[in-house]
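Colleague: Before I ask anything about the details, could you put the sequence and the model in front of us?

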Amino acid sequence: LDEEAIERYRDCLEELPPIVVDKETMTVLDGWHRVEAHKREGIETIPVSYDDCPPHLFLARAYALNAKHGLPVDNTVRDQIIVVLSQGKDGYDPMSEEEIAQKMGLSQQRVSQIIASLLGASIFAKDKAKVREAIRLYLIGMSQVKVGEKFGVSHTTISSVVREFTKRKDLISEHLRSRGHLKSVVNYPQRGPWGDAKFPGNTSGYLLVDLINYYQPRSILDPMEGSGTTGDVAFDMGDIP
Ligand SMILES: C[S@@+](CC[C@H](N)C(=O)[O-])C[C@H]1O[C@@H](n2cnc3c(N)ncnc32)[C@H](O)[C@@H]1O
């Protein structure tokens with residue numbers, strides 16, 4: 001909760017509109033700050049306007065109500081709500097863009113745009129060749145905005161793949177700093193974020209970190225790369241072809 005909002009509300013409790021509560025479950029859909037302001041003033045009752053909302057639409061309804069007043073909800077929260085509704089999680093049918101727009105108080109065009117850009121971002125993030133090319137361009141000095149434009153995704157998508165890349169490089173540095181010497185029998189308690197943990201027989205990326213660090217290869221051939229662990233580590237350790 002936003003402390004400043006609560007403090008502001010404490011001074012004008014009588015002027016605030018009723019909070020919105022789902023009648024069946026008594027869940028507060030809108031007005032958490034007002035509730036908190038009343039509590040802090042020691043007032044035990046609050047004007048309520050009742051709503052009738054199925055639980056799986058609580059967040060969408062809360063978003064729609066919230067958008068009408070002061071404290072805007074973060075766009076990532078909005079996007080998560082849209083993803084959940086459009087995929088139909090928790091046993092509910094997927095909702096159409098039109099229905100989502102209506103429930104959330106957005107235009108259908110806006111919902112379409114958001115879904116298209118989320119979809120674009122997730123397709124991009126799964127395309128290793130594109131992600132690597134984007135990181136290369138960023139590393140030679142292209143701005144995240146420009147890289148995003150080149151791949152048709154937002155700069156926040158680029159900044160998130162760059163952040164993941166930096167995190168993986170930190171893991172590599174930390175591993176190389178803390179491990180003992182490479183031995184003929186090795187054991188890696190963790191596999192790290194490279195390749196795919198779900199792939200049958202996947203290798204720990206840390207084995208590749210050690211091998212690459214030891215042999216310092218100019219190029220690598222892995223004829224059984226499976227989920228791509230070797231390629232992932234090779235990229236992170238200096239874009240080794
Ligand atoms: C144990 S997995 C390697 C897993 C990989 N290191 C990883 O972390 O995901 C072995 C891989 O070799 C592939 N493979 C087996 N025989 C092969 C062959 N003769 N030629 C090319 N690939 C082969 C399998 O399909 C499988 O993807």
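**Ligand, domains and hairpin**

Modeller: This is a predicted model, and I would start at the ligand, where one of its oxygen atoms lies 2.6 Å from an N or O atom in the side chain of S227.

Colleague: How far is an oxygen atom of the ligand from an N or O atom in the side chain of T229?

Modeller: T229 belongs to the residues around the ligand, a list that also includes F199, N202 and E225. From an N or O atom in the side chain of T229 to an oxygen atom of the ligand, the distance is 2.5 Å.

Colleague: Which residue has a polar backbone atom 3.3 Å from a nitrogen atom of the ligand?

Modeller: The surroundings of the ligand include P223, M224 and G226. The polar backbone atom that lies 3.3 Å from a nitrogen atom of the ligand is part of P223.

Colleague: What share of the ligand's accessible area does the protein cover?

Modeller: On its own, the ligand has 610 Å² of accessible area. The shell around the ligand consists of three nonpolar, six polar and one charged residue. Of that accessible area, the protein covers 53%.

Colleague: How many residues does domain 3 give to its contact with domain 2?

Modeller: Domain 2 spans residues 127-167, while domain 3 spans 179-241, and their C-alpha centres are 23 Å apart. To the contact, domain 2 gives five residues, and the number from domain 3 is seven.

Colleague: Turning to the hairpin, which residue in β2 is the bridge partner of D22?

Modeller: Strand β1, residues 19-22, and strand β2, residues 27-30, run antiparallel and are joined by three bridges. Four residues separate the two strands of this hairpin, and in the turn M26 has a positive phi of about 60°. The bridge partner of D22 in β2 is T27.

Terms used
Residues numbered from 1 in each chain as written. Predicted model: local features only at pLDDT ≥ 70, side-chain atom pairs only at ≥ 80, totals over all residues. Heavy atoms only, no water. Pairing = 2+ DSSP bridges. Near = heavy atom within 4 Å. Polar contact = N/O pair within 3.5 Å; in protein donor to acceptor, adjacent residues only side chain to side chain. Areas by Shrake-Rupley, 256 points an atom, 1.4 Å probe, with all protein chains shown as cover. Nonpolar A, V, L, I, M, F, W, Y, C, P; charged D, E, K, R; others polar. Domains from an automatic or database assignment. Contact = heavy atoms within 4.5 Å.
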